[in-house]
Amino acid sequence: LGASLAASVASFRYQPRGMRLTPGAEMYAVLRVLGRFEESARAHEHLMQLVPGDAQVMADYADVLGMTQGRTLTGRPFELVKSALQIDPANKKALALAGTAAMEQGRLAESVGYWERLAAVVPPGSDDEKEVAEVLAELRPRAGLPAKAAASVAKAPPVPVAAGKSV
């Protein structure tokens, strides 16, 4: 376990700049990898206090919080995702989580919008692009949309923020 734990920490530390964790957050991510979601959720909640307004930390917290509540993004996780997208509208993880949350709630056209936004920011030719395309190919017909969405359909609705309210 020691060698694999060290490798896990190293893999989080040496990712491309856009995918790196907030400095010092590697152990929080390792807890997630080890399936210790309750501990990871508490750690992420603490991390949010240390680095408020970090969209990636919010998205990671939403992800692990969803795992603690039976793999659903309803409620607080989705609120965190919407807050993350207010800060960084192109955050890949937040877009994927938002698309998943909308799908869970039966809002399929909205889900397609989030996945379309994600498709616009993943690297062309990447595995991510292929996975997003597969999701869209399955989701569009379920949402009653044509195989290739028109530009007007591809936009997810703006995320409303209540005046004076923060997450």
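Eight helices and zero strands make up the secondary structure of this protein, and the model you are looking at is a predicted one. Following the chain along its sequence, you meet the pattern α-α-α-α-α-α-α-α. A good place to begin exploring is the pairing of helix 6 with helix 7.

**The whole protein**
- Of the 167 residues in the protein, 37% are buried.
- The exposed surface comes to about 9300 Å², and 58% of that area is supplied by carbon and sulfur atoms.
- Take the contacts between residues at least 6 apart in sequence: 51% of them join residues at least 24 apart.

**How helix 6 and helix 7 are arranged**
- Two packed helices are described by the angle between their axes and the distance between the axes.
- Helix 6 covers residues 92–104 and helix 7 covers residues 108–121; their axes lie 7 Å apart, at an angle of about 160°.
- Angles over 145 degrees count as roughly antiparallel, and helix 6 and helix 7 are therefore roughly antiparallel to each other.
- Their crossing is left-handed.

**Who meets whom**
- On the helix 6 side, the residues in contact are K92, L95, A96, A98, G99, T100, A102 and M103.
- Helix 7 meets them with L108, E110, S111, Y114, W115, R117, L118 and V121.
- Sorted by class, this contact has ten nonpolar residues, along with three polar and three charged ones.
- Among the nonpolar residues are L95 and M103 in helix 6 and W115 and V121 in helix 7, while the charged ones include K92 in helix 6 and E110 in helix 7.

Note on methods. Residues are numbered from 1 along each chain as its sequence is written. This is a predicted model: local features need pLDDT of at least 70, side-chain atom pairs count only at pLDDT 80 or more; totals for chains, interfaces and linings use all residues. Side-chain values use heavy atoms; hydrogens and water are left out. Axes are lines fitted to C-alpha atoms, for helices over the stretch in contact, and angles run from 0 to 180 degrees between N-to-C directions. Helices (H or I, at least four residues) and strands (E, at least two) are DSSP runs, numbered from the N terminus. Angles under 35 degrees count as roughly parallel, over 145 as roughly antiparallel, 65 to 115 as roughly perpendicular and the rest as oblique. A crossing is left-handed if the near helix is turned anticlockwise from the far one by less than a right angle, and right-handed if clockwise. Contact means heavy atoms within 4.5 Å. Buried means under 20% relative accessible area, exposed over 50%, partly exposed in between (1.4 Å probe, protein chains only). Accessible areas come from the Shrake-Rupley method with a 1.4 Å probe; for residues, only the protein chains shown count as cover.
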